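Trainee: I would like to go through this model with you and ask what stands behind the terms.
Mentor: Go ahead.

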Amino acid sequence: MSTPEERLATLGIDLPSPPRPAAAYVPVQRAGDLLFTAGQVASGADGLVAVGRVGAEVDLDTAVVCARQCAVNVIAQLKAALGDLARVRQVVKLTVFVASDPGFQSQHIVANGASELVGQIFGDAGLHARSAVGAASLPLGSPVEVEAIVQVDPA
Amino acid sequence: MSTPEERLATLGIDLPSPPRPAAAYVPVQRAGDLLFTAGQVASGADGLVAVGRVGAEVDLDTAVVCARQCAVNVIAQLKAALGDLARVRQVVKLTVFVASDPGFQSQHIVANGASELVGQIFGDAGLHARSAVGAASLPLGSPVEVEAIVQVDPA
Amino acid sequence: MSTPEERLATLGIDLPSPPRPAAAYVPVQRAGDLLFTAGQVASGADGLVAVGRVGAEVDLDTAVVCARQCAVNVIAQLKAALGDLARVRQVVKLTVFVASDPGFQSQHIVANGASELVGQIFGDAGLHARSAVGAASLPLGSPVEVEAIVQVDPA
């Protein structure tokens, strides 16, 4: 059985040095065996994958890629917090906010970009509940923002 | 003392076969004694109760009905996950997203459609914290989406 | 070492009698050692600090003040629920919804108004994960709404 890190490598995903939030908050906070991540935007090595609202400046296919990139950043934050991604017992919940033109109604399709990556990397431990919601806009103009609640094994 | 199932029957509510999400996620995930539900849209036996944004294509009264229908779907998911709704010790939190015209400012009135049903069905165990938030739009054009965090008794 | 209540006094903040929600829900609900607050709007002694969407009717500086006021109301709810704010072991998560013009992309700057106050009042126990999200609109026209998840010490 492969590890989450090996599956990331198989998919050719290098986890970024996780984006650091401003000093006013932290990227991950823990309560008991639950980890709560800060909302992650669609930033990659060269900045945001795209900027704008889905259904207006950003098309559906690009938005799916953005959601996947947000999930990469969530996983990078979990890796930084845990050291070993095998300590993820269960990804419990993802909330996927999609900056949306008022006429755009496929937030769930966009969110699959995040959900499917999490499933590929964590297997059954990646099976999560999920909400997909249309936002008026998101920080820095990111088309997507993803936050996670994760149950972990004790250190 | 009546059971939640008996109260549903008294209100004439047949729980639907719970809407199944796409394979990328699950309708309910558990961590310890907490259940997290996926966001539920306002789908009934004949599809969505209404389509569009509240304050634009959808009026307030219809939106309240939509919020109630979302709550029915949340309860259906809990029933499917737990078997017996008496295992709900406490509905802890509801988040109610309301697809909103920018000028619409009564998301809290809409959300009462979900909160009041949860109170009727679960009694004190239904007393929850709640956020009501205006979304730009929601999956499939649903006017409302509701997610829940629920504390359960051990099996 | 000063207490959270002493730090509030130093900042000249009188906690309001916490705004009471309608009967359909409660301001704070507990599950184990986690408290979930209802979403708090930017209401002060004289009503909402401002009304409208940030980037349209409300400017950035005013929005930061609104976020801080929402955080005051969150803290007031925690005080009412706990009696003693020193029972807050960790503010785990803040979600900051910002009613946003579609062109507004600085929800994270607005959210700092809440995050920084929480840090000032709770110190290390105030270091939280956070999401900042643009809403189409919010209840009563509040420019900001903040909800919290908090880990507490046993009574």
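Trainee: What makes up the contact between chain A and chain C?
Mentor: Chain A gives 24 residues and chain C gives 27 residues. Two residues are in contact if their C-beta atoms, placed from the backbone, lie within 7 Å. This is a predicted model, where local features need pLDDT of at least 70, side-chain atom pairs count only at pLDDT 80 or more, and totals for chains, interfaces and linings use all residues. Residues are numbered from 1 along each chain as its sequence is written, while chains are lettered from A and ligands numbered from 1 in the order in which they are written.

Trainee: Which elements give two or more residues to the side of chain A that touches chain C?
Mentor: They are strand E1 (28–31), strand E2 (34–37) and strand E8 (144–152) of chain A. Strands (E, at least two residues) are DSSP runs, numbered from the N terminus. The largest share of that side, 3 residues, is from E1(A).

Trainee: How do the residues of that side of chain A divide?
Mentor: There are 15 nonpolar, 6 polar and 3 charged residues on the side of chain A that touches chain C. Ala, Val, Leu, Ile, Met, Phe, Trp, Tyr, Cys and Pro count as nonpolar, Asp, Glu, Lys and Arg as charged, and the others, Gly among them, as polar.

Trainee: What superposes chain A on chain C?
Mentor: A rotation of 120° with 0.0 Å of shift along its axis does, at an RMSD of 0.0 Å. That is the relation of a three-fold axis. The fit is by least squares on the C-alpha atoms of residues with pLDDT of at least 70 in both copies.

Trainee: Why do the copies meet through different surfaces?
Mentor: Only 8% of the interface residues of chain A are also interface residues in chain C, so the surfaces differ.

Trainee: How many residues does the contact of chain C with chain B take?
Mentor: It takes 24 residues from chain C and 27 residues from chain B. E1(C) gives the most to the side of chain C that touches chain B, with 3 residues. That side divides into 15 nonpolar, 6 polar and 3 charged residues.

Trainee: Which residues does Ala67(C) touch?
Mentor: Leaving out residues up to four places away in sequence, Ala67(C) touches Val96(C), Val110(C), Ala111(C), Gly113(C), Ala114(C), Val144(C) and Val146(C).

Key:
Helices (H or I, at least four residues) and strands (E, at least two) are DSSP runs, numbered from the N terminus.
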